[in-house]
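Here is a short tour of side-chain contacts, written for someone who likes distances and angles. Please keep the viewer open while you read.

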Amino acid sequence: MIHLYFGEGKGKTSAAVGLCVRALGQNIPVLFVQFLKSRESGEILMLEKWGATIIRGKGSKKFTKDMTDAELLEAKKKCAEHFEKAKELCKLAKKSENSSLVVVFDEICVALSANLLSENDVRDFLLSTPKNIEIVLTGRSAPPFLHDFSDYDTEFKKRKHPFDKGCVARKGIEF
């Protein structure tokens with residue numbers, strides 16, 4: 001099934017991590033792909049300790065709207081590399097249809113909205129995903145086709161957040 005966690009509220013990645021912890025607890029392998037994030041986080045450190053496969057790399061400290069053309073081009077290249085690597089790992093899981101796999105594409109909605117990933121490539125991947133692979137998609141603005149494809153469609157809505165008062169992200173709480 002396909003899970004979509006989207007919206008302006010806090011907790012999309014944390015919800016995806018919670019599902020991963022549940023899967024790892026049942027000996028289901030996890031592939032966690034992070035687009036546009038590079039900061040070390042407690043969530044990723046724990047998933048690695050517990051045996052999840054992590055794909056992430058050079059992200060940016062800027063929002064996509066604040067990136068230069070060169071930074072956007074580099075981000076597009078990294079997003080494509082991450083997506084291709086994840087597809088290869090999913091092909092391996094497809095060969096053993098008896099075992100399950102959880103795949104998280106963290107911030108894929110942002111990568112799609114900023115045209116850093118091809119909507120057609122993501123659509124083709126989702127259409128060809130075997131039933132033994134559970135997919136989790138996260139990010140702020142979800143393109144309409146993801147709502148159509150998802151089995152779970154959950155919006156995170158912000159009512160209040162310390163960032164609005166100028167508080168910075170806190171280690172162990174926001175990352």
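Which side chain meets glutamate 119 in a salt bridge? The partner is arginine 123, with 3.2 Å from N to O. Keep in mind that this is a predicted model.

**Around arginine 123**

Both partners belong to helix α5, and because they are four residues apart there, about one helical turn separates them. Glutamate 119 has a relative accessibility of 37%, so this residue counts as partly exposed. Arginine 123 also falls in the partly exposed class, with a relative accessible area of 23%. Arginine 123 has a second contact to look at: its charged end sits over the ring of phenylalanine 145, 4.5 Å from the ring centre.

**Other salt bridges**

A search of the whole structure finds 10 salt bridges. Three of them are set out here, including the one you have just met.

| Salt bridge | N to O distance |
|---|---|
| Glutamate 119 and arginine 123 | 3.2 Å |
| Arginine 140 and glutamate 8 | 2.6 Å |
| Glutamate 174 and arginine 170 | 3.2 Å |

Why does the pair of arginine 140 and glutamate 8 tie together parts that are far from each other in sequence? Arginine 140 lies in the loop between β5 (133-139) and α6 (144-149), while glutamate 8 lies in the loop between β1 (2-6) and α1 (12-25), so the bridge joins parts that are 132 residues apart in sequence. Arginine 140 is partly exposed at 36% relative accessibility, and glutamate 8 is partly exposed at 45%.

The bridge between glutamate 174 and arginine 170 also has partly exposed ends: glutamate 174 has a relative accessible area of 22%, and arginine 170 has one of 44%. Elsewhere, Lys37, Asp106 and Glu107 are linked in a network of salt bridges.

**The aromatic pairs**

Now for the rings. How many aromatic pairs does the structure hold? There are six. In one of them, the rings of phenylalanine 83 and phenylalanine 105 have centres 5.6 Å apart and planes at 50°, so this pair is tilted. Phenylalanine 83 is in helix α3 (residues 69-95) and phenylalanine 105 is in strand β4 (residues 101-106), so the pair links distant parts of the chain, 22 residues apart.

Is phenylalanine 83 buried or exposed? Its relative accessibility is 2%, which is under the 20% cut-off, so phenylalanine 83 counts as buried. Phenylalanine 105 is buried as well, with a relative accessible area of 1%.

Phenylalanine 83 has another ring partner, phenylalanine 125. This pair is edge-to-face, with 5.6 Å centre to centre and 70° between the planes. Again the contact links distant parts of the chain, from phenylalanine 83 in helix α3 to phenylalanine 125 in helix α5 (residues 119-128), 42 residues apart. Phenylalanine 125 has a relative accessibility of 8% and counts as buried.

Which residues do ring pairs link into a cluster? They are Phe35, Phe83, Phe105 and Phe125. Helix α5 is a good place to end the tour, as it holds phenylalanine 125 of that cluster and also the salt bridge partners glutamate 119 and arginine 123.

Definitions and conventions: Residues numbered from 1 in each chain as written. Predicted model: local features only at pLDDT ≥ 70, side-chain atom pairs only at ≥ 80, totals over all residues. Heavy atoms only, no water. Phe/Tyr/Trp six-rings, centres within 6.5 Å; stacked < 30°, edge-to-face > 60°. Helix = DSSP H or I, 4+ residues; strand = E, 2+ residues; numbered from the N terminus. Buried < 20%, exposed > 50% of the residue type's maximum accessible area, 1.4 Å probe, protein only. Lys NZ or Arg CZ within 6 Å of the ring centre and 35° of its normal. Salt bridge = Lys/Arg side-chain N within 4 Å of Asp/Glu carboxyl O.
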